[in-house]
Every structure is written in C-alpha cells, then in structure tokens.
Amino acid sequence: MTARRGGLPTMHDVGRLAQVSAMTVSRVLKNDPGVSAATRERVFAAVDRLGYRRNQTARSLRLGGSGMIGLVVTNLANPFYSRLALGVQEVATEYGFRVLLGNSGEQADREPELIDGLVDHQVEGLIVVPAGSRQQHLAAAMRHVPVVFAARPPAGLDTDCVLVEDFHGAREATARLLADGHTRVAFLGNPPALYTGAERLRGFWAAHEEVGVEPDNALIRQGLVGSAAAERATLDLLEQAERPTALFCANNRISQGSIRALYKADTTLPVAGFDDFDLSDVLGLPLTLVSYDADEIGRQAARLLVDRLEHRDAEPPPSRRVTVPTRVVRRGSPDRG
C-alpha cells in the first residue's frame with residue numbers, strides 16, 4: 001500500500017491499513033485507554049510501515065487547501081460558547097487546521113455577512129451555532145463547503161449537527177423542584193423561536209404534566225436575552241401577589257440575572273438552571289443545575305467536519321446527529337422558598 005499525494009501518509013491511510021477509522025487512529029495516538037490492545041497494535045504497526053508522522057496531517061489531507069475552518073457562535077461573552085470554541089480548537093489543532101472565529105452577537109441579520117466572509121477567506125468547512133431559524137444563507141454556503149451545526153439543529157437543511165439533551169435536561173431539573181413540593185415554578189427562557197428555548201420550555205411543561213400540575217402562565221417569561229433582562233423579569237415575578245416558590249432558568253446567563261435579582265430583593269428561592277457555571281458551588285443558594293460538557297459539543301462538531309473533509313472525494317454519508325448527554329447536579333439545600 002502506498003500513501004496518497006506525493007507519498008506523504010495520512011491518518012486516513014493509517015486507518016485503512018489497520019482496518020479502523022481515522023478517528024480510532026487518532027484515539028490510539030492520543031493514548032486513549034478505551035482502545036483495545038489488539039487495535040493499538042495494528043495501528044502502531046501501520047504507523048511504522050507507512051512512516052506516518054502526525055505533523056504531516058494538514059499538508060497531506062489538504063494539499064492546495066487553506067488549512068482553515070470557520071466557527072461562528074452567537075455570544076462569546078457566554079462561557080458556554082468559549083468552552084465550545086475550545087473543544088473545536090482542540091480537534092482542529094490535532095488535525096492541523098487553524099480556526100477562524102466569528103461572533104454574531106445573537107443577531108440573525110449579521111450572520112450571513114460573517115458566513116460570506118469566512119467562505120471568501122477560503123475556509124474548508126464551517127461549524128455554526130445559528131442565531132435564528134432562517135438559514136438560507138447557510139444553504140448557500142453548503143454549496144461550497146461542508147457545514148456542521150452545533151447546539152442548535154438545521155432548519156430544513158440536510159447536514160450534521162451536535163445537540164444537547166435540552167428537553168430531557170429541562171424536564172429532569174424541573175421534576176426535581178416539583179418533587180421538593182413546589183407547585184408554583186416560574187420559567188425564565190430565551191426567545192421561543194430558538195430551538196433551545198422551545199425544547200427547554202417543552203421539558204418544563206412535560207415535568208408538570210407527569211405529576212398532574214398545570215404551570216401558571218403568569219409565571220412564564222420568554223424572550224430574555226442576557227442577564228440584565230433576566231434580572232428585571234425576576235424582580236417583576238417577585239413583586240406579584242402570588243409569587244413563585246422556585247425558578248427555572250433556561251441558560252446560565254438567565255440564571256445569573258435571576259440570582260442577582262434575588263440578592264437585590266434580599267430573598268432566597270430555589271433556582272433550577274440549564275448550564276452549570278463558575279462559583280455555583282460556593283454561592284450558598286439552593287441550586288439545581290443541568291450540567292454537560294460544553295467542550296465536547298465543540299469536539300464532536302469538529303470531528304464530524306474533519307470526517308467530511310477527509311472523505312470529500314467519496315460519496316457523502318447521510319447527515320448525522322450527535323447528542324451530548326446532560327446530568328442534574330444540586331448545590332445547597334433544596335428547601336422551599
């Protein structure tokens with residue numbers, strides 16, 4: 001067997017000789033303990049036979065290409081997207097890619113310009129967290145480069161995506177509050193047009209339906225963008241004659257705004273929130289948090305994109321959907337407010 005493109009062996013070449021995927025080769029080279037001894041032996045034998053050197057990957061995979069991939073997120077001020085970007089960077093570096101980063105600021109009308117700019121810079125593929133549900137500009141970009149969606153799914157487009165267990169996580173966290181005896185749980189969510197906002201509200205409702213409790217529409221606040229809006233909405237809820245006894249917050253920025261409002265009102269209510277966040281364990285508040293590995297979302301998205309690029313000359317595989325699992329963690333005491 002000979003290596004492709006001028007004799008320089010690739011990770012894909014090693015995988016073919018060892019009869020494993022390129023991703024398995026990568027895991028062996030990273031000393032992943034989950035790979036069997038027999039597979040490791042075949043991979044190292046193929047590495048020796050081909051004379052593969054890891055730092056040749058970029059040149060051998062993309063001779064004549066830019067060696068760059070684009071990443072577009074919606075809010076770099078949100079630690080979730082910073083972690084996602086670090087995950088993308090980790091895998092991109094492993095395969096010899098550089099990452100060009102764009103931030104849409106949750107402005108859907110700004111996103112097409114960012115995408116066009118990245119395509120004009122000849123990126124070889126894109127990872128996008130879409131800012132809205134209108135995605136015609138991404139369909140246009142897909143005619144030139146592969147696109148992988150992260151955190152939010154494509155709307156009517158046939159492409160890979162990596163999601164979080166939004167519905168399941170919200171349902172489980174809300175169920176914990178209901179099990180603690182709360183029947184007046186407020187919901188503070190991001191815009192309902194966003195997939196995450198809709199799925200987390202659906203999980204909130206499902207948890208109530210499972211125990212025969214109907215949520216009070218007067219306690220539901222949607223369309224909140226940023227912690228300041230969440231703070232105002234929480235203060236408004238606290239001023240109601242029949243105020244909530246617990247809060248569910250649909251993301252970390254909303255949780256932080258709600259916690260600030262509770263502090264200003266000099267009161268304590270149990271808070272359930274989607275996304276863990278720094279210092280949540282030292283606040284001394286009763287918190288129920290939906291936790292997951294944000295870096296892994298970026299890693300999985302980058303792996304899907306690299307796989308597309310490695311096999312760009314072959315018949316493209318069907319679109320794939322990867323889901324990153326969630327778990328619920330509790331901080332402080334779940335006492336009722």
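In this predicted model, residues 24 or more positions apart account for 67% of the contacts in the chain with a separation of 6 or more. The chain contains 12 helices and 12 strands, and buried residues make up 53% of its 337 residues. Along its principal axes, the C-alpha trace spans about 75 × 45 × 35 Å.

**The open sheet and helix 12**

An open sheet is formed by 6 strands with parallel pairing, in the order 2-1-3-4-5-11. Its edges are strand 2 (98-103) and strand 11 (321-324), each of which pairs on one side only, and the twist from one strand to the next averages 20°. Across this sheet lies helix 12 (residues 294-310), which crosses strand 1, strand 3 (126-128), strand 4 (147-150), strand 5 (161-164) and strand 11, and which runs at about 165° to strand 5.

**Pairing around strand 6**

Strand 6 (residues 185-188) is covered on both faces, with V185 and F187 buried on one side and A186 and L188 buried on the other. The strand is joined in the parallel sense to strand 8 (residues 246-249) and, also in the parallel sense, to strand 7 (residues 220-221). The table sets these two pairings beside that of strand 1 (residues 68-73) with strand 2, giving for each the number of bridges and one pair of partner residues.

| Strand pair | Bridges | Partner residues |
|---|---|---|
| Strand 1 and strand 2, parallel | 6 bridges | V73 and N103 |
| Strand 6 and strand 8, parallel | 4 bridges | F187 and F248 |
| Strand 6 and strand 7, parallel | 2 bridges | L188 and R221 |

**Helix 2 and its surroundings**

In helix 2 (residues 22-29), the buried residues are A22, T24, V25, S26 and V28. These buried residues pack against helix 1 (11-18), helix 3 (37-50), helix 5 and helix 12, so that helix 12, which also lies across strands of the open sheet, is among the packing partners of helix 2. Just after helix 2, N31 takes a positive phi of about 60°.

**A141 in helix 7**

Is A141 buried or exposed? Its relative accessibility is 5%, and because buried means under 20% relative accessible area, A141 counts as buried. The residue is placed in helix 7 (residues 136-141), and, leaving aside its neighbours within four places in sequence, A141 is in contact with I115, V119, L126 and V147. Of these partners, L126 belongs to strand 3 (126-128) and V147 to strand 4 (147-150), both of which helix 12 lies across. Measured against P270, from C-alpha to C-alpha, A141 is 45 Å away in space and 129 residues away in sequence.

**The largest pocket**

The largest pocket has a volume of about 420 Å³. Of the 26 residues that line the largest pocket, those closest to its centre are E106, R152, N190, L194 and N251. How do the lining residues divide into nonpolar, polar and charged? The lining holds 11 nonpolar, 10 polar and 5 charged residues. At least two residues of this lining are supplied by each of helix 5 (79-94), helix 9 (195-210) and helix 11 (252-264); helix 5 is also one of the elements against which the buried residues of helix 2 pack.

Technical notes:
Residues numbered from 1 in each chain as written. Predicted model: local features only at pLDDT ≥ 70, side-chain atom pairs only at ≥ 80, totals over all residues. Heavy atoms only, no water. 1 Å grid on protein atoms, 1.4 Å probe; cavity = no way out; pocket = protein on both sides within 12 Å on 5 of 7 lines; lining within 4 Å. Points joined across faces, edges and corners; volume = space filled by probe spheres on them. Nonpolar A, V, L, I, M, F, W, Y, C, P; charged D, E, K, R; others polar. Buried < 20%, exposed > 50% of the residue type's maximum accessible area, 1.4 Å probe, protein only. Contact = heavy atoms within 4.5 Å. Pairing = 2+ DSSP bridges. Axes fitted to C-alpha atoms, helices over the stretch in contact; angles between N-to-C directions.
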